[in-house]
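Visitor: I am new to this structure and would like a close look at a single part. Please take me there step by step, then show me what lies around it.

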Amino acid sequence: MIPSPKSIVVLTGAGISAESGIKTFRAADGLWENHPIDDVATPEGFERNPSLVYEFYNQRRRQLLSDQVKPNAAHSHLAKFEHEFPGQFLLVTQNVDNLHERAGSQNLVHMHGELLKMRCLNSQLVFDIAKDFDFDTHCRCCRSPGNLRPHIVWFGEMPFQMNKINQALENCDVFVAIGTSGNVYPASGFYQTAKIRRAHTTELNLERTGSGFDECIIGSASDIVPTYFEKLLNAC
Ligand code: APR
């Protein structure tokens with residue numbers, strides 16, 4: 001832990017939401033909620049079988065909005081830290097749920113999109129959506145069906161706000177990755193970008209991912225995130 005950090009970037013992955021009741025992606029069977037990832041998380045999968053893809057994200061959205069899913073201690077301590085930390089703070093999440101914002105996080109980038117948004121394929125306008133939608137749903141801008149897709153970054157597509165993320169990584173002195181397997185580019189390379197300016201890099205995860213962080217703390221997010229960020233605040 002470095003004394004008096006001035007700028008911090010935190011990256012979160014599915015592991016931070018696991019204790020909130022949302023499954024992680026890379027279970028041993030390689031399936032995501034019983035589907036091959038190629039079928040539900042690629043533009044080709046959407047072209048092949050749009051009904052399956054609409055229904056897949058409708059189910060995820062219904063689950064997210066159910067009473068069982070709520071932010072856990074890791075989400076709320078990150079939000080508390082952001083409010084109390086006197087320096088610059090950016091939270092980048094690969095998660096498409098809304099648990100960070102429900103916990104009170106503010107400077108937040110959803111680099112892989114959001115379940116509670118849909119996008120028009122013609123205008124690229126983005127709309128909030130809390131209900132199911134599919135091929136028959138009329139778009140709010142073109143007023144015709146068939147133009148709306150989930151506002152999710154699929155494999156082979158460019159993540160959102162990469163300029164903002166890279167700028168923050170290049171200027172931070174602390175980088176922390178929480179609950180991510182480090183399997184998906186470009187997020188898997190963020191710790192290396194942070195190291196260009198000699199940031200201290202820490203991984204908080206249920207298991208060691210085998211990458212080159214300066215420090216690795218093993219445990220469940222709801223245990224280790226509150227402790228780690230309290231210590232970091234005391235060091236400021
Ligand atoms: N606390 C901390 N870490 C946990 C917990 C927990 N309670 N439960 C699981 N983990 C860890 C796992 O050990 C694993 O290393 O979280 C990690 C989750 O890894 P993935 O399922 O691969 O999720 P993530 O890294 O977020 O995936 C990245 O891949 O499928 C795409 O776009 C999707 O955003 C996703 C991206």
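Are Phe-56 and Tyr-57 buried or exposed?

Guide: Phe-56 is buried, and Tyr-57 is buried too. Keep in mind that this is a predicted model. The two residues form an aromatic pair. Their ring centres are 5.0 Å apart, and the planes meet at 90°. That makes the pair edge-to-face.

Now widen the view. Phe-56 and Tyr-57 belong to one aromatic cluster, together with Phe-46, Tyr-54, Phe-133 and Trp-154. The structure holds eleven aromatic pairs. Another of them joins Tyr-54 and Phe-133. Here the ring centres lie 5.7 Å apart. The planes stand at 75°, over the 60 degrees that edge-to-face requires, so this pair is edge-to-face. Look at where the two partners sit. Tyr-54 is in helix α4, residues 50–64. Phe-133 is in the loop between β7 (126–128) and β8 (148–152). The two positions are 79 residues apart in sequence, so the pair ties together distant parts of the chain. Both Tyr-54 and Phe-133 are buried.

Stay in that loop for a moment. Arg-143 also lies between β7 and β8. Its phi is near 60°, a positive value in a residue other than glycine. Most residues other than glycine have a negative phi. Arg-143 has 64% relative accessibility, so it counts as exposed. Phe-133, by contrast, is buried.

Step back to the loop before β7. Gln-124 is there, between β6 (113–120) and β7. Its phi is positive as well, near 65°. Gln-124 counts as partly exposed because its relative accessibility is 44%.

How does the cluster fit into the whole? The chain has nine helices and eleven strands. Buried residues make up 48% of its 236 residues. Take the contacts with a separation of 6 or more: 63% of them join residues 24 or more positions apart. The radius of gyration is 18 Å, which agrees with the value near 18 Å for a compact globule of 236 residues. The C-alpha trace spans about 55 × 35 × 30 Å along its principal axes.

Two other buried spots are worth a visit. One is Phe-229, in helix α9, residues 221–234. With a relative accessibility of 2%, under the 20% cut-off, Phe-229 counts as buried. Beyond its neighbours within four places in sequence, Phe-229 is in contact with Val-10, Leu-78, Phe-81, Val-176, Ile-178 and Leu-204. Ala-74 is 155 residues from Phe-229 in sequence, yet their C-alpha atoms are 9.6 Å apart.

The other spot is Ala-194, in helix α8, residues 190–196. Ala-194 is buried, with a relative accessible area of 0%. Not counting residues up to four places away in sequence, Ala-194 touches Leu-169, Cys-172, Phe-175, Ala-199 and Thr-201. Measure the gap to Leu-65 on screen: it is 35 Å, C-alpha to C-alpha, for 129 residues in sequence.

One last stop comes before α8. Pro-186 is in the loop between β9 (174–178) and α8. The peptide bond from Tyr-185 to Pro-186 is cis, with omega near 5°. Most peptide bonds are trans.

Definitions and conventions
Residues numbered from 1 in each chain as written. Predicted model: local features only at pLDDT ≥ 70, side-chain atom pairs only at ≥ 80, totals over all residues. Heavy atoms only, no water. Helix = DSSP H or I, 4+ residues; strand = E, 2+ residues; numbered from the N terminus. Rg over C-alpha atoms; globule rule 2.2 N^0.38 Å. Buried < 20%, exposed > 50% of the residue type's maximum accessible area, 1.4 Å probe, protein only. Contact = heavy atoms within 4.5 Å. Phe/Tyr/Trp six-rings, centres within 6.5 Å; stacked < 30°, edge-to-face > 60°.
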